[in-house]
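Please look over the sequence and the structure below. The text after them starts with a single residue and then moves out to a whole chain and to the contact between chains.

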Amino acid sequence: MGQKIDREQVEKVAKLARLDLSDGELTEFTGQLSSILEYIEKLNEIDTDSVEPLAHCLPVHNVFREDVVIPSLDVAAALKNAPASFDNHFKVPKVLDGGPGA
Amino acid sequence: MHELSIIELKDKIAAGEVKSADAVKSVFERIEKHDPVIGAYISTFKEGALKAALDVDERIAAGETVGALAGVPIAVKDNMCVSTGKTTCASKILENFEAPYDGHVIEKLKEADAIIIGKLNMDEFAMGSSCENSALQQTKNPWDVSTVPGGSSGGAAAAVAARMCFGALGSDTGGSIRQPASFCGVVGLKPTYGRVSRYGLVAYGSSLDQIGPLTTTVSDAALMMNVIAGHDKRDSTSISTDVAPVKDYLDGIDQPLDGLKIAVVPELNAGASQQVKDAIEKGLDVYKGLGAEIVEVAMPNVEYAIATYYVIATAEASSNLARFDGVHYGHRTEKPKDYIEVYSKSRAEGFGTEVKRRIMLGTYALSSGYYDAYYLKALKVRNLIRQDFTNAFEKADCLMMPVSPTTAFKIGEKTDDPLEMYMADIYTIAVNLAGIPGISIPCGFDDGGLPIGLQILTEAFTEDRLLRIARMFEKQTEYNTKMPKL
């Protein structure tokens, strides 16, 4: 076959990415991701054994600040865009089995 | 009034010759007349803009000191948070999102007394090269409405080209300012990574994203840089002014560079269409006429830039876009059967196809067993690509090349094959991997009357020299004064 990635792997990746893809999308992506990955294999033409990975193109260092409380977004503003909220909290369906109902 | 540059308009406003309120009214007349066809704006702030303009006019009349962009109507790409109205990223998942704060560049625009008139269309989450990935609307190229405006800042380029704003802010992760600027015949500058704060810019590829101006002149781009460049502690990759001082980019902009050395990359240019190649050649002739010397350099690793970019950018995107969870903000699916479906169905319903494709690719590249083969490998090649640029800049002051292999293509022409669409990013994408600044300036038109852009690149934090080099060309030519017939 020579496919770089099969449908089963695409389904697994979709699960990792939390994307509930349709049958059509899974089929489409299997083909497209295979050809994109095949193209990316081009990178193996280069010998990089002695090359350091470069995560950032410029020298960046961790930035620290004093451990003091500064004003942040107030609760109402933070919740303004929430699809569901209750009593100053984001509201979600029940997460743990056997816990109190959501 | 619409033919004025930002600098001309702000001078007239400051001198009391033109009222900011009239500039705003005039710009909205153009938007109301032309945007139903062009589709550059996702939202506009007519009432608020007029109010802000009247305030500027009053302060000028009272003799108060006003900011560097006082009274000038400016628009911004819809991935920058503005505390009024919506910030959609042209996505269904953020269709109703109202940002609770202003991004850093928005604060800067407001401090400079610019009038923010609206939010501009883009490819969803800045992923694309044609605005065809916008989930909300298709922006059209003002030079030929059957063609794309480029992307992802296509709305910004189209609005500036159609003079439906005096200048705009876009963002550039792999060419998203320069390529649409080229397609629409305007100036587009991607600053050095870290020069402009990304605070309040919805993240796509965090090690690549950078905000920059789209304008009708090089000097206008310099003025906008004066307003937005600088350190911001809320962006941890914002470069300290101790490391790289912010300059006055207008200072000396009209002064040509003596003994300018320009590097070109023949084997890279070979991939462009004949008409693009001819326009670039003619552009180089203009510089030769000004006494510049052309040197040929090789950049053997740049041909790997597309493969490298689509691993790194999608890996970063898959992580950045994990925040869209149907919980904190954005779309939530109607009837999830459990909490997992809150994530997986909300995201499936909210994201468009290209965004899903890139999240999938990035997730795969980072997943167990593939990380070394793809992500780590790409980071190593990124180092080699950056080295190619370092080597080139040892031989010359700047690099010049096309922005895109072709002029604007037809709407729908490339949507079937994502890889083909990615390939067209060859000239712009390596620049983001290296973090250096780049500009696209108008340098000609093809047989169909579509604009062609010349791309100029310089070393990190030398935007002042980059703008001066660009200005040398602009002074000798009239391409940037041409306007599309609407």
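T30(A) has a relative accessible area of 8%. A residue counts as buried when this value is under 20%, so T30(A) is buried. The model in which this residue is seen is a predicted one. T30(A) belongs to helix 2 of chain A, which covers residues 23–40. What is T30(A) in contact with, leaving aside its neighbours within four places in sequence? The residues are Q3(A), I5(A), D6(A), R7(A) and V10(A).

The next topic is chain B as a whole. Chain B contains 16 helices and 11 strands. Its radius of gyration is 21 Å, and the globule rule gives 23 Å for 486 residues; the two values are close, so chain B is as compact as a globular protein of that length. The C-alpha trace of chain B spans about 65 × 55 × 50 Å along its principal axes. Burial can be stated for the chain too: 65% of the 486 residues of chain B count as buried. Another figure concerns distance along the sequence. Among the contacts in chain B with a separation of 6 or more, 76% are between residues 24 or more positions apart.

Now consider how chain B and chain A meet. The size of an interface is often given as the accessible area lost when the parts come together. Here chain B and chain A bury about 5300 Å² between them, and 70% of this area is on carbon and sulfur atoms. Chain B supplies 67 residues to the contact, and chain A supplies 53 residues.

Which specific pairings does the rule find across this interface? There are 5 salt bridges between chain B and chain A. In a salt bridge of this interface, the side chain of K80(A) meets that of E98(B), with 3.8 Å from N to O. The rule also finds 17 residue pairs in polar contact across the interface, with both residues at pLDDT 80 or more.

On the side of chain B that touches chain A, the elements that give two or more residues are helix 10 (305–320), helix 11 (339–350), helix 12 (353–366), helix 13 (371–395), helix 14 (418–423) and helix 15 (426–434) of chain B. Helix 13 of chain B gives the most, with 11 residues. Sorted by class, this side of chain B has 37 nonpolar, 17 polar and 13 charged residues.

Conventions: Residues numbered from 1 in each chain as written. Chains lettered and ligands numbered in written order. Heavy atoms only, no water. Contact = heavy atoms within 4.5 Å. Buried area = accessible area lost by both parts, 1.4 Å probe. Salt bridge = Lys/Arg side-chain N within 4 Å of Asp/Glu carboxyl O. Polar contact = N/O pair within 3.5 Å; in protein donor to acceptor, adjacent residues only side chain to side chain. Helix = DSSP H or I, 4+ residues; strand = E, 2+ residues; numbered from the N terminus. Nonpolar A, V, L, I, M, F, W, Y, C, P; charged D, E, K, R; others polar. Rg over C-alpha atoms; globule rule 2.2 N^0.38 Å. Buried < 20%, exposed > 50% of the residue type's maximum accessible area, 1.4 Å probe, protein only.
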